[in-house]
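Here is a short tour of a protein model, written for the bench. Take a look at the sequence and the structure before reading on.

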Amino acid sequence: LQPEVVDECGKYGEVVKVIIYEFPQGVMEEEETVRIFVEFQRVEAAIKALVDLNGRYFGGRTVRGAFYNLDKFRRLHLMDDI
């Protein structure tokens, strides 16, 4: 999945990092069990990606995009509410 995410998001700008996080079973509803975090080199690329990808289908699921707290992302606190 990671190469596909990098390839798709690379259309918007340079991707610095991709983290695919799966919640432990039973913690979240099935459609929300996987979070994909993408860090871009430039905020403009992140904005374009968010606008274009939000609501699209990817891997059989609907993409729900949002910005995430950078400090939490860097500390890998990935379970917090979006």
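Which residues of helix α1 (residues 2–9) are buried?

## One helix, two sides

In this predicted model, the buried residues of helix α1 are Val 5, Glu 8 and Cys 9. Viewed down the axis of α1, these buried residues fall within an arc of 90 degrees, so they line one face of the helix. It helps to recall that an α-helix has 3.6 residues a turn, so residues three or four places apart point the same way.

Turn to the face of α1 that looks away from the buried side, and you will find the exposed residues Pro 3 and Asp 7. As for the buried residues of α1, their packing partners are β1 (15–22), β2 (34–40), α2 (43–53) and β3 (57–58).

## The overall fold

Stepping back, the protein has three helices and four strands. Along the sequence they come in the pattern α-β-β-α-β-β-α.

The radius of gyration is 12 Å, which agrees with the value near 12 Å for a compact globule, because the protein has 82 residues. Along the principal axes, the C-alpha atoms fill a box of roughly 35 × 30 × 20 Å. Among contacts with a separation of 6 or more, 50% link residues 24 or more positions apart.

## Surface and charge

Of the 82 residues, 24% are buried. The protein exposes about 6,000 Å², with carbon and sulfur atoms supplying 50% of that area.

If you are thinking about charge, there are 11 positive and 15 negative side chains. The centres of these two sets lie 5 Å apart.

Terms used:
Residues are numbered from 1 along each chain as its sequence is written. This is a predicted model: local features need pLDDT of at least 70, side-chain atom pairs count only at pLDDT 80 or more; totals for chains, interfaces and linings use all residues. Side-chain values use heavy atoms; hydrogens and water are left out. Helices (H or I, at least four residues) and strands (E, at least two) are DSSP runs, numbered from the N terminus. The radius of gyration is taken over C-alpha atoms; the globule rule is 2.2 Å times the number of residues to the power 0.38. Buried means under 20% relative accessible area, exposed over 50%, partly exposed in between (1.4 Å probe, protein chains only). Contact means heavy atoms within 4.5 Å. Accessible areas come from the Shrake-Rupley method with a 1.4 Å probe; for residues, only the protein chains shown count as cover. Lys and Arg count as positive and Asp and Glu as negative; His and the chain ends are not counted. The place of a charge is taken as NZ of Lys, CZ of Arg, CG of Asp or CD of Glu. The arc is that of the directions from the helix axis to the C-beta atoms.
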